[in-house]
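Take a look at the chain below. We will start at one residue and work outward to the whole.

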Amino acid sequence: MPQLHAKCFKYCLIALNLVFALLGLIILMLGIWFRFDPRTRSLFEIDENAKRINVGIYVMWAAGSLLLIAGLIGYLSVTRQYRCMIWIYLGFLILLFLIEMGVAIWAFVQKDQIIEQLQTTYTKTATNTGGSDFECMIKAIHKTLGCCGYLNGSGQQAGCSAPAHHKDCARAIEEIINSKLHIFAAIAFGIALVTVLGIILTILFQRSLKSSRVI
């Protein structure tokens, strides 16, 4: 019976670690793409004070790297049954869970400031004529959000050839973030739940190794 339990925990952890590694790779690649793609890198070049946007990218890089490393360490520790590595893996999972909770709380508290920063960055990008990268960025925003232009100081919609047929992008940015907030929360909750499951399975697997030397 102990061997059966150990095998069950082992295969569950192997599958979970593959999910961690794949998820980490996806998050890392998305962060790199968003930072260096010509259609989005203008966000980081037009506004030197876009600290919150940069923080978000750094968090994506860190979270993706940690998930990838945790997945690889977990896979090796479980398949090779290195108890020392299993404890290291458990520490990685606990660290990931704490980071996830911290990022979720930070994003919730800073939501209004993030929206305001994105709106300001868009306005500066829309008024900039610094090259094709900026034009590409503006076209991508307009197409994605179904918006056009921004409100100038007098409250008139500027930067759009047909303002009567489109809402301004500052309002569109706020609406899209508020309307998709429950999706972001569900994703964060799902990742946290999987991380907690990994912590529980790792503890059970470590305990099962004490009862069964050979798996």
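Which residues does S208 touch, once its neighbours within four places in sequence are left aside? S208 is in contact with A6 and F9. Keep in mind that this is a predicted model. S208 sits in helix α8, which covers residues 181–211. The numbers of A6 and F9 put them within the span of helix α1, residues 2–36.

Is S208 buried or exposed? S208 has a relative accessible area of 8%. The cut-off for buried is under 20%, so S208 counts as buried. Its side chain also has a partner: it reaches the backbone oxygen of F205 at 2.6 Å.

Now turn to the surface. L22, I26, L30 and W33 make a nonpolar surface patch there. The patch measures about 390 Å². W33 has its place in helix α1. How much of W33 is open? Its relative accessibility is 39%. That value lies between 20% and 50%, so W33 counts as partly exposed.

Next, look for aromatic rings that pair up. The structure holds 1 aromatic pair. It is formed by Y58 and W61, whose ring centres are 5.7 Å apart. A pair of aromatic rings is described by the distance of the centres and the angle of the planes. For Y58 and W61, the planes stand at 55 degrees. Stacked pairs need planes under 30 degrees apart, and edge-to-face pairs need over 60, so this pair is tilted.

Where do the two rings sit along the chain? Both Y58 and W61 belong to helix α3, residues 51–80. They are 3 residues apart, which means that about one helical turn separates them. Y58 is partly exposed, with a relative accessible area of 49%. W61 is partly exposed too, at 24% relative accessibility.

Finally, step back to the whole chain. How many helices and strands does it have? There are 8 helices and 2 strands. Along the sequence, the pattern reads α-α-α-α-α-α-β-β-α-α. The chain has 215 residues, and buried ones make up 36% of them. Its accessible surface comes to about 12,500 Å². Carbon and sulfur atoms account for 67% of that surface.

One last point concerns contacts along the chain. Take those between residues at least 6 apart in sequence. Of these, 67% join residues at least 24 apart. The contacts of S208 with A6 and F9, where we began, link residues from distant parts of the sequence.

Notes. Residues are numbered from 1 along each chain as its sequence is written. This is a predicted model: local features need pLDDT of at least 70, side-chain atom pairs count only at pLDDT 80 or more; totals for chains, interfaces and linings use all residues. Side-chain values use heavy atoms; hydrogens and water are left out. Rings of Phe, Tyr and Trp (its six-membered ring) pair if their centres lie within 6.5 Å; planes under 30 degrees apart count as stacked, over 60 as edge-to-face and the rest as tilted. Helices (H or I, at least four residues) and strands (E, at least two) are DSSP runs, numbered from the N terminus. Buried means under 20% relative accessible area, exposed over 50%, partly exposed in between (1.4 Å probe, protein chains only). Patches are made of residues with over 30% relative accessible area and no salt bridge: like charges are joined within 9 Å, nonpolar side chains (Val, Leu, Ile, Met, Phe, Trp, Tyr) within 5 Å. Accessible areas come from the Shrake-Rupley method with a 1.4 Å probe; for residues, only the protein chains shown count as cover. A salt bridge is a side-chain nitrogen of Lys or Arg within 4 Å of a carboxyl oxygen of Asp or Glu. A polar contact is a pair of N or O atoms within 3.5 Å; within protein, one must be able to donate a hydrogen and the other to accept it, and residues adjacent in sequence count only if both atoms are side-chain atoms. Contact means heavy atoms within 4.5 Å.
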